[in-house]
Amino acid sequence: MATLLYIEASPRKQRSHSIKVANAFLDAYRSANPGDQIDLLDLWSESLPAFDGDMINAKYAVMHGQDPSSQEQAAWAEIGTICKRFTDADKYLFSVPMWNFGIPYILKHYIDIITQPGYSWSFDPDTGYSGLVSGPVAAIYSSGGAYHDGSGAEAFDQQKPYFEGWLGFIGLSDVSRVTVAPMLSPPDEVSAAVDSAIEDAKKLGASF
Ligand SMILES: Cc1cc2nc3c(=O)[nH]c(=O)nc-3n(C[C@H](O)[C@H](O)[C@H](O)COP(=O)(O)O)c2cc1C
C-alpha cells in the first residue's frame, strides 16, 4: 500500500480552481488505487511553527556537526516531525496557485521548514548536494494569466520554475504538470480551461 501525500496550498477551498482540478485527480487515483492511503495536508489549517532563529540555528548546528542547545534541539524535533510526514510519503500531489508571479507564502513557509539536511538533502564535499526524497510528483498549477510558451509572458512565471527547481533540489525530478489557466478571464474561457485541466488531471490520476 502506497501513501500519496496531497499538499493543498490555496485557501479558497470551494472557490479554488487548483483544488477542483486536484480533486478530479484524486477521484481517478482512488478508483485506480483503492488500497492506497491519501494523506491530505491542507497548509492553511496546519499550525506551522515560525521558521525563526532557533530553527535556523538548529539547522546550522546539524549542518556543521555542532551540539545544538536545548532550545535548538526542541526546534529540530519539531522540524523532524513535519519533515517525516513529508518524507514518509511515496508519491506527491500539490495544488499550487500563482500569487504575485510566485507561490503562496504558506507553501514557501512549508518549504523552508522541510528543506533540511538529513531529511530532504545531504551534502558531500566530494560530490556536492544530493536530494534525499524520491517518488513521482503531480503538480496542479493555477494562475489568473497564461504563461505558456509563446504567450509572451513566460519570463514573469516564477511559480513553476521556482517550485520545480526546489523539487529537483530535494530529489523529486519526476514531475507531471497540469495547468489550469487563465483563471482571470471571461467565464466561458475559464470554464473551458477548467474542463480541459480536469480531463488532464483525470488521466494523470488514473495512471499515477
Ligand atoms: C494574492 C493573489 C495574487 C495573485 N497573483 C497573481 C499573479 O501574479 N499572476 C497571475 O496570473 N494570477 C495571480 N493571481 C490569480 C490566481 O493565480 C488565480 O486566481 C488562481 O486561480 C488561484 O488559484 P486557486 O483558484 O486555486 O485559489 C493572484 C491571486 C491572489 C489571491
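Is phenylalanine 101 counted as buried, exposed or partly exposed, and how many C-beta neighbours does phenylalanine 101 have inside 10 Å? In this predicted model, phenylalanine 101 has 15 C-beta neighbours inside 10 Å and therefore counts as partly exposed. The account below begins with the sheet and returns to this residue afterwards.

The sheet is open and consists of five strands, arranged in the order β2-β1-β3-β6-β7, with parallel pairing. Because β2 (37–42) and β7 (175–180) occupy the edges and each has a single partner strand, one side of each is left without a neighbour in the sheet. From one strand to the next, the twist averages 15°. Helix α6 (residues 187–207) packs on this sheet, where α6 touches β6 (137–142) and β7. The direction of α6 makes an angle of about 160° with that of β7.

Strand β1 spans residues 3–8 and pairs with β2 in the parallel sense over six bridges. Within this pairing, leucine 4 stands opposite isoleucine 38 of β2, and tyrosine 6 has leucine 40 of β2 as its bridge partner. β1 also pairs with strand β3 (residues 91–97), again in the parallel sense, over five bridges. Tyrosine 6 stands opposite leucine 93 in β3; tyrosine 6 thus has a partner in β2 as well as one in β3. Strand β1 is mostly covered, with five of its six residues buried. Together with helix α1 (residues 17–32) and β2, strand β1 makes up a β-α-β unit, which is right-handed.

A further pairing involves strands β4 (residues 121–124) and β5 (residues 128–131), which run antiparallel and are joined by four bridges. β4 and β5 form a hairpin, and three residues lie between the two strands. Aspartate 124 has glycine 128, in β5, as its bridge partner.

The surroundings of the ligand comprise 17 residues, of which Ser10, Ser18, Pro97, Gly144 and Gly145 come nearest. Helix α1 gives the most to this shell, contributing three residues. By class, the shell has nine polar residues, seven nonpolar residues and one charged residue. Helix α1 accordingly appears both in the β-α-β unit with β1 and β2 and in the shell around the ligand.

Several features of the backbone deserve separate description. Most residues other than glycine have a negative phi, and most peptide bonds are trans. Asparagine 100, although not a glycine, has a positive phi of about 50°. This asparagine 100 is found in the loop between β3 and α4 (105–114). Asparagine 100 is exposed, because 9 other C-beta atoms lie within 10 Å and a residue with 12 or fewer is classed as exposed. Phenylalanine 101 lies in the loop between β3 and α4 and has a positive phi of about 75°, although it is not a glycine. With its 15 C-beta neighbours inside 10 Å, phenylalanine 101 is partly exposed, since the count falls between the limit of 12 or fewer for exposed residues and that of 20 or more for buried ones.

Another backbone feature is a cis peptide bond between alanine 181 and proline 182, with omega of about 0°. Proline 182 is located in the loop between β7 and α6. This loop thus connects the edge strand β7 with the helix that packs on the sheet, α6.

How values were computed
Residues are numbered from 1 along each chain as its sequence is written. This is a predicted model: local features need pLDDT of at least 70, side-chain atom pairs count only at pLDDT 80 or more; totals for chains, interfaces and linings use all residues. Two strands pair if DSSP finds at least two bridges between them. Axes are lines fitted to C-alpha atoms, for helices over the stretch in contact, and angles run from 0 to 180 degrees between N-to-C directions. Two residues are in contact if their C-beta atoms, placed from the backbone, lie within 7 Å. A crossover is right-handed if, with the strands pointing away from the viewer, the path from the first strand over the helix to the second runs clockwise. A residue is near a molecule or strand if its C-beta atom, placed from the backbone, lies within 6 Å of it. Ala, Val, Leu, Ile, Met, Phe, Trp, Tyr, Cys and Pro count as nonpolar, Asp, Glu, Lys and Arg as charged, and the others, Gly among them, as polar.
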